[in-house]
Amino acid sequence: MGTTTTIIIKPSWGETLELFQKNGAIRISSSDAETFKNLLNSINLKYITEEDEERKLTRFILSANKGA
């Protein structure tokens with residue numbers, strides 16, 4: 001499976017959302033993850049997350065199960 005993950009260091013939320021929807025997965029600083037979760041929840045976009053404790057990054061993956 002060839003999912004591309006983009007790492008975004010200093011996110012602009014509009015650009016981050018656009019890249020997330022285009023690529024299907026992104027990584028952002030774990031300190032910014034809660035803000036991005038709130039944005040995604042406000043527009044009812046389904047996603048899953050994975051934490052990389054060592055690098056302090058959170059990976060967001062667009063959920064394929066849009067009906068759930």
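**A four-strand sheet and two helices**

Strands S2 and S4 (residues 57–62) pair antiparallel, with five bridges between them. This pairing belongs to a predicted model. Two residue pairs help to place it. Arginine 27 faces arginine 59 of S4 across the pairing. Isoleucine 26 stands opposite phenylalanine 60, also in S4.

Now turn to the other partner of S2. Strand S1 covers residues 6–8, and S2 covers residues 25–29. These two run parallel and are joined by three bridges. Here threonine 6 stands opposite isoleucine 26 of S2. Isoleucine 26 therefore has a residue opposite it in S1 and another in S4: threonine 6 and phenylalanine 60.

Put the strands together. Four of them form an open sheet in the order S1-S2-S4-S3, and the pairing is mixed. Why do S1 and S3 each have one side without a neighbour in the sheet? S1 and S3 (47–52) stand at the edges, and each has a single partner strand, so one side of each is left without a neighbour. On average, neighbouring strands of this sheet are turned by 25° against each other, direction ignored.

The helices come next. Helix H1, residues 13–23, packs on the sheet. H1 touches S1, S2, S3 and S4. The direction of H1 makes about 145° with that of S2. Helix H2 spans residues 33–42 and lies across S2, S3 and S4. H2 runs at about 20° to S4.

One general point helps when reading side chains on the strands. In a regular strand, side chains alternate between the two faces of the sheet.

Technical notes:
Residues numbered from 1 in each chain as written. Predicted model: local features only at pLDDT ≥ 70, side-chain atom pairs only at ≥ 80, totals over all residues. Heavy atoms only, no water. Pairing = 2+ DSSP bridges. Axes fitted to C-alpha atoms, helices over the stretch in contact; angles between N-to-C directions. Contact = heavy atoms within 4.5 Å.
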